[in-house]
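The following exercises are to be worked through with the sequence and the model at hand. Each task is followed by a solution in steps.

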Amino acid sequence: MAKRDFYEVLEVERTASDAELKVAYRKAAMRWHPDRNPGDHAAEANFKEINAAYDCLKDADKRAAYDRFGHAAFEQGGMGGGGPRGAGPDMSDFMSDIFDSFFGGGGGGQGRGRASSGRERGADLRYNMAITLEDAFAGKTAQIRIPTSLACEACSGTGAKPGSKPRQCATCGGAGKVRASQGFFLMERTCPTCQGRGEVIDDPCDACAGAGRITKERTLEVAIPAGVEDGTRIRLSGEGEAGLRGGPSGDLYIFLSLEDHALFQRDGADLYCRVPIAMTTAALGGSFEAPTIDGGRTRVKIPEGTQSGMQFRLRGKGMPILRSKDFGDMYIQAVVEIPQKLSRKQRELLEAFAAEESEANHPESNGFFSRVKEFFGGA
């Protein structure tokens, strides 16, 4: 025959104070005392049951164990008529402490009797956002629309129909887990009644079907600071999925990716810009206007004899350094362009120029071919 719940035996709520337990015990004991009910075996059984219930619940540690595991908490120690044997911890307490030490129950019975709220934290969400290099330079405030779960307004996230509220699961006492003894071992599993939530909703909310949250699209503003790089992650605390039954919300993570730019390539805080220049400008020297990432222009002077691939550094014209007032640099990379589709006169001029060339005009090429000649033994 299954044992009755101790709180039901004493006809008190699970939240009853020690004083309320004592009053209820005295009232029940007087009613079912054998001296008042001579020859009544049912009254005698009730009196023993009342004493067993009060002996358990008046002890703080035993009450905590009972609240969490029910009668299974004392099955190994035995229920000897008047309640749990002895004043010290019984075998179930010993096994419970061992189980807790291995599976994170808090050690030393600290976690026993702590009821679960039934509220689960919402999941974290991810949003991928592509931004331009200009956005990364100046920073911006962007608006995004994301579908997510929000706390149900009708039930304020409890999952219960307005006017009602969830009740503590009677099977697990609000712990969300139940234990059963199998020989020397205590086995712990998720409570089959409340599925581990510790609470039961008898009358679920119509709007959210008892989940405490609904799916809805919402608009958020995201502040993107100046200087962000490709792959930067921005965390918006509490803007993720709403938790079940009023649980805390998760976080929203914005992952930034930078779009390719038509003029600039980025390397950290530095920018690189390849600028094609005419062969005559490279040979004679000159200047040109180069664009900057802030939308402006800057004049770049190049010396005569500039070679393709040479770089010119413009200090402070690069990207802002995140959480700093400093800026990187911009590098202008010269690409000497050879003229195409020459006119007859241009060809004649170039041929005349070639006839006047000397080794001093091409030190790199002359040096290279000299080394090639040495490589082949001076032939």
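A crossing of two helices is called left-handed if the near helix is turned anticlockwise from the far one by less than a right angle, and right-handed if it is turned clockwise. The model examined here is a predicted one.

**Exercise 1. Helix pair**

Determine how helix H2 (residues 18-32) and helix H3 (residues 41-57) are arranged, beginning with the angle at which their axes cross.

Step 1. The axes of H2 and H3 come within 9 Å and cross at roughly 165°.

Step 2. Angles over 145 degrees count as roughly antiparallel. H2 and H3 are therefore roughly antiparallel to each other.

Step 3. As to handedness, H2 passes H3 in a left-handed crossing.

Step 4. On the H2 side, the residues that meet H3 are Leu21, Lys22, Tyr25, Ala28, Ala29 and Trp32. Their counterparts in H3 are Ala43, Asn46, Phe47, Ile50, Asn51, Tyr54 and Leu57.

**Exercise 2. Cysteines**

State how many disulfides the structure holds, and examine cysteine 194 and cysteine 208.

Step 1. A disulfide is a covalent bond between the sulfur atoms of two cysteines. The cut-off applied is a pair of cysteine sulfur atoms within 2.5 Å.

Step 2. The structure holds zero disulfides. For cysteine 194, the nearest cysteine sulfur belongs to cysteine 191 and lies 3.7 Å away. For cysteine 208, the nearest cysteine sulfur is that of cysteine 155, at 3.7 Å.

Step 3. Cysteine 194 has a relative accessible area of 2% and is buried. Cysteine 208 also counts as buried, at 7% relative accessibility.

**Exercise 3. Sheet and adjoining loop**

Give the strand order of the open sheet of four strands, and locate aspartate 329.

Step 1. The order is S10-S11-S15-S14, with mixed pairing. Strand S10 (265-267) and S14 are the edge strands, each pairing on one side only.

Step 2. On average, neighbouring strands of this sheet are turned by 30° against each other, direction ignored.

Step 3. S10 pairs with strand S11 (residues 270-278) in the antiparallel sense, over three bridges. Arginine 266 has leucine 271 in S11 as its bridge partner.

Step 4. Aspartate 329 lies in the loop between strand S14 (311-314) and strand S15 (330-337). With a relative accessible area of 10%, aspartate 329 is buried.

Step 5. Leaving aside neighbours within four places in sequence, aspartate 329 is in contact with residues including Leu271, Arg313 and Leu314. Ala269, Asp270 and Lys317 are also among its contacts.

Notes:
Residues are numbered from 1 along each chain as its sequence is written. This is a predicted model: local features need pLDDT of at least 70, side-chain atom pairs count only at pLDDT 80 or more; totals for chains, interfaces and linings use all residues. Side-chain values use heavy atoms; hydrogens and water are left out. Helices (H or I, at least four residues) and strands (E, at least two) are DSSP runs, numbered from the N terminus. Buried means under 20% relative accessible area, exposed over 50%, partly exposed in between (1.4 Å probe, protein chains only). Contact means heavy atoms within 4.5 Å. Two strands pair if DSSP finds at least two bridges between them. Axes are lines fitted to C-alpha atoms, for helices over the stretch in contact, and angles run from 0 to 180 degrees between N-to-C directions. Angles under 35 degrees count as roughly parallel, over 145 as roughly antiparallel, 65 to 115 as roughly perpendicular and the rest as oblique.
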